[in-house]
Amino acid sequence: MIERAIKIGTRKSKLALWQAEYVKALLEQNGLKGELVLIETKGDKILDRALSKIGSKGVFTEELEDQLRNGDIDIAVHSAKDMQASLGDDFELIAFTEREACHDVFVSHKKGFTVDKDKEFVIGTSSVRRVAMLTKHFPNAKIVDVRGNLQTRIQKMEDGLCDVLMLAYAGVHRMGYNDMIVHEHPLDTFTPATGQGCVAIESATNLDPEVRSAVRKAINNEKTEVCLKAERAFLKELQGGCSIPAFCLATWTADNELKITGGLAQANTEEIRYTYTCSPDEVESKGTQIAKDTLANGGAEILAALKNS
């Protein structure tokens with residue numbers, strides 16, 4: 001039995017703290033103690049530039065990983081969609097929480113705001129994936145970059161920056177803003193980013209094996225983990241993060257198989273999209289295959305152009 005408190009590293013935003021408190025509660029439900037350690041990341045500090053301009057590797061994770069490496073914290077709590085494709089040899093993801101609904105939504109401070117594809121309105125987002133999809137599906141809308149935590153972005157919207165924000169349903173729901181949702185996007189059109197809707201637990205590889213095992217037993221959802229293995233294999237093969245317009249979603253079928261859809265969004269031409277169905281033990285190879293197909297059929301050129309720009 002582990003007597004000491006497990007130190008949980010987290011960012012300071014309200015949503016990050018919700019996630020950390022959720023993880024702490026799961027630990028406590030399983031007879032463990034948890035202690036939150038609040039950490040500020042580069043992504044929290046730099047708010048005047050788009051994520052694609054400051055780089056995707058470790059934007060929201062680097063400072064937490066420093067403390068994992070030093071042993072100042074035992075685990076770090078992340079939105080799975082913020083995790084870079086490759087963690088490095090001294091870190092690993094040891095658990096994934098049960099996934100929330102993972103679709104995108106529009107939220108607005110304007111009561112009764114209606115969403116029409118032919119309508120001219122202003123959308124706020126900092127995601128290159130969402131920008132590419134929105135440019136294609138809402139051609140008359142203007143898109144503006146908006147950064148910051150959820151409350152900061154909502155304040156910017158209320159101050160007149162935009163009419164709606166495009167956000168992940170999971171964060172909106174967790175923060176209690178469901179009444180602001182004015183439109184819900186279908187998964188087959190606005191397929192989400194890798195890991196969207198899920199909380200990931202990261203540790204250093206030298207974490208005490210007893211602590212690792214106890215954390216995993218308390219937190220990990222095996223069904224979600226299988227899905228995330230597929231999605232992260234896709235992202236790793238693309239060598240991508242939050243600065244590329246990648247999407248990937250794995251879901252369980254009624255036949256206990258996995259349906260995996262992934263690709264790259266493009267603003268003005270047909271997106272690159274592939275779907276495979278496979279058994280649970282094939283998910284990583286199929287996720288990798290989707291990425292290889294994507295790269296071989298125009299994806300490599302898209303990513304090269306993004307890198308050069």
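This passage walks through a predicted model, from its cores and helices to a few single residues. Since the model is predicted, local features need pLDDT of at least 70 and side-chain atom pairs count only at pLDDT 80 or more, while totals for chains, interfaces and linings use all residues. Residues are numbered from 1 along each chain as its sequence is written, and side-chain values use heavy atoms, with hydrogens and water left out.

A good place to begin is the nonpolar core, meaning a set of buried Ala, Val, Leu, Ile, Met, Phe, Trp, Tyr and Cys residues joined through side-chain atoms within 4.5 Å. Here, buried stands for under 20% relative accessible area, exposed for over 50%, and partly exposed for in between (1.4 Å probe, protein chains only). The largest such core has 37 residues, and those with the most contacts inside it are Phe-234, Leu-238, Ala-246, Leu-258, Ile-260 and Val-283. Two or more residues each come from α4 (62-70), β4 (91-96), β10 (199-204), α9 (222-238), β11, β12 (258-264), β13 (272-278) and α10 (283-308). These labels follow DSSP runs numbered from the N terminus, with helices being H or I of at least four residues and strands being E of at least two. The largest share of the core, seven residues, is supplied by α9. For a feel of the surroundings of one core member, take Ile-260: not counting residues up to four places away in sequence, Ile-260 touches Ala-230, Cys-248, Tyr-274, Val-283 and Ile-290, among others, where contact means heavy atoms within 4.5 Å. There is also a second, separate core of 20 residues, with Ile-2, Ile-6, Ala-20 and Val-215 among them.

Next come the helices α9 and α10. Two packed helices are described by the angle between their axes and the distance between the axes. For α9 and α10, the angle is about 30 degrees and the axes are 8 Å apart; axes are lines fitted to C-alpha atoms, for helices over the stretch in contact, and angles run from 0 to 180 degrees between N-to-C directions. The α9 and α10 crossing is right-handed, which means that the near helix is turned clockwise from the far one by less than a right angle (anticlockwise would be left-handed). On the α9 side, the contact includes Val-226, Ala-230, Phe-234 and Leu-238, and on the α10 side it includes Val-283, Gly-287, Ile-290 and Leu-303. The residues of this contact split into ten nonpolar, three polar and four charged. In this count, Ala, Val, Leu, Ile, Met, Phe, Trp, Tyr, Cys and Pro are nonpolar, Asp, Glu, Lys and Arg are charged, and the others, Gly among them, are polar.

Helix α5 (residues 128-137) has its own set of buried residues: Arg-129, Arg-130, Ala-132, Met-133, Leu-134 and His-137. The elements covering them include β5 (104-107), β6 (122-124), β7 (142-144), β8 (164-168) and β11 (246-252). At the N-terminal end of α5, Ser-127 acts as a cap, with a side-chain oxygen 3.3 Å from the backbone nitrogen of Arg-129.

Arg-129 turns up again beside Asp-104, which sits in strand β5. Asp-104 is buried, with a relative accessible area of 0%. The side chain of Asp-104 makes a polar contact of 3.0 Å with that of Arg-129 and one of 2.9 Å with that of Gln-196. A polar contact is a pair of N or O atoms within 3.5 Å; within protein, one must be able to donate a hydrogen and the other to accept it, and residues adjacent in sequence count only if both atoms are side-chain atoms.

The loops have some characters too. Asp-281 is found between β13 and α10 and counts as exposed, at 70% relative accessibility. The side chains of Asp-281 and Ser-279 are joined by a polar contact of 2.4 Å. Asn-256, in the loop between β11 and β12, is partly exposed at 43% relative accessibility. Most residues other than glycine have a negative phi. Asn-256, though not a glycine, has a positive phi of about 65 degrees. Leu-87, in the loop between β3 (75-79) and β4, counts as buried at 13% relative accessibility. Leaving aside neighbours within four places in sequence, Leu-87 is in contact with Glu-65, Glu-92, Leu-93, Glu-202 and Arg-232.
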